[in-house]
Amino acid sequence: MTGAAEPVDPFVHPALFYGDAGEYLAGTVPFVRAALAADEPVAVAVPGENLRLIRDELGADGTAVHFLDMREAGRNPGRIIPGVLRAFADGRPPGRRVRIIGEPVWAGRSPAEYPACAQHEALINAAFQGREVTILCPYDTVRLDERALADAHATHPVVIPAGSGAGRASAAYDPEDVVARYNLPLTPAPGAGAEVLGLTFDAESLSAARHLATGHGARLGLSGLALENLALITAELTTNSVVHGGGTGALTVWAEGGHVLCEVRDKGRLADPLAGRRPAARDQRGGRGLLLVNLVADLVRIHTGLEGTTIRCYLGR
Amino acid sequence: MRPEPVRPLPAAAGPVPAGPRLDVYPLTGRKGFRAAGEVSLPTRGIWERALGRAVREGEDVYHLELSALTFVDVAGADALAGAARSLGTGRRLVLYRPPDSLPRILGLLWPGLTGIEVAT
């Protein structure tokens, strides 16, 4: 895969640039076939239309491949490491390289989603350091903007230029910079208004805050599973503020387009960028709240710094 | 961000429940307990003590009647998973009518966990 010297880290994470379906298939299908030939487990997690391209090309050989529509499984970029990549890699028997095609960045990603996508791509490197895993990430050079293509060079240690087939080390590789650069202040939550629930909470009012959030979420159009998820998200974020974030925080719930947004601000600092992205070891007690938030939300955006932390979750209504 | 009491805006006004409760009662006729209320940070200790008794009692099957439980957070599910793990081979907790989110959290965060069964 790499044209240059073999990397020291057994984890391999190339970006594959493609301009059309032909280049897409030329870059992905041999990767899958090589894994199948070596009896290595292989998964393909890409947007539905590209999933169909690969599946059709593989034909009967595709039966041994684990296929996932990334638009569903990876809608929240923060869910992809624990819920897609490690869920597959950790479940495979040791001793064989695990190969995954993961396409988390596509042209329809919203401006709210994109910073979380870039941070996710950067954090894959730390999350899989030392693992016998290869994750190939296709990037559409025709439909993605310049920024997304430039960021791919910073989040991937190896890049495969469109139509070339051969990888080379990326001179721009700097994942920590990407994590820091997209740790952006969020657009301010709306102030008080009929459609906005805003309150501050502490240990005494955790339960009331959750009830008010779910009541407001229901008025904004959430029901069923989405409303249950709002209750869980509110509980985990507000409890984290009380236990780890200085004892108090501010909760805001409002609607934007097709989503209900739930935001919690506190004075704490989230020092670990992989918090909520590591599947916990079975015997580990605690530390799963943010992981659950990532698994059930449609988007999680985080801004953290010396002045405090803001976590904003989106739920489709 | 000055702490102040939770106060709903007028449009969001609704019944604001008093502090959360969790009440635990022993079952009659079989080993286990019935829990009513919610499992969250303020009530976590009550829940963990009840589960600790379940583990110590040594029964092969311990029944948890949870139909009056309105909410369980991740730490509450964690305590349940921890109790199930410490039961040892052949013993299990059986949950009756838990809130829908509880089996879902257990499945998402503790896939393949043994020692807990949801009665159907």
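Angles from 65 to 115 degrees between two axes count as roughly perpendicular. Keep that range in mind for the second half of this talk. The model is a predicted one.

I'll take the domains of chain A before the helix pair. Chain A splits into domain 1, residues 14-181, and domain 2, residues 197-316. Between their C-alpha centres the distance is 28 Å. Where the two touch, domain 1 of chain A supplies 17 residues and domain 2 of chain A supplies 14 residues.

Now the domain 1 side of that contact. Two elements give two or more residues to it: helix H4, 77-89, and helix H5, 114-127, both of chain A. Of the elements on this side, H4(A) contributes the most, with six residues. By class, the domain 1 side that touches domain 2 of chain A has nine nonpolar residues, five charged and three polar.

Next, a contact between chains. Packed helix pairs are described by two quantities, the angle between the axes and the distance between them. Here the pair is helix H10 of chain A, residues 289-296, and helix H3 of chain B, residues 101-109. How are H10(A) and H3(B) oriented to each other? Their packing angle is about 100°, and the axes lie 11 Å apart. The range I opened with runs from 65 to 115 degrees, so H10(A) and H3(B) are roughly perpendicular.

Which residues make this contact? From H10(A) they are A:Leu291, A:Leu292 and A:Leu295. From H3(B) they are B:Ile105, B:Leu108 and B:Leu109. That gives the contact of H10(A) with H3(B) six nonpolar residues, with no polar and no charged ones.

How values were computed. Residues numbered from 1 in each chain as written. Chains lettered and ligands numbered in written order. Predicted model: local features only at pLDDT ≥ 70, side-chain atom pairs only at ≥ 80, totals over all residues. Domains from an automatic or database assignment. Contact = placed C-beta atoms within 7 Å. Helix = DSSP H or I, 4+ residues; strand = E, 2+ residues; numbered from the N terminus. Nonpolar A, V, L, I, M, F, W, Y, C, P; charged D, E, K, R; others polar. Axes fitted to C-alpha atoms, helices over the stretch in contact; angles between N-to-C directions. Parallel < 35°, antiparallel > 145°, perpendicular 65-115°, else oblique.
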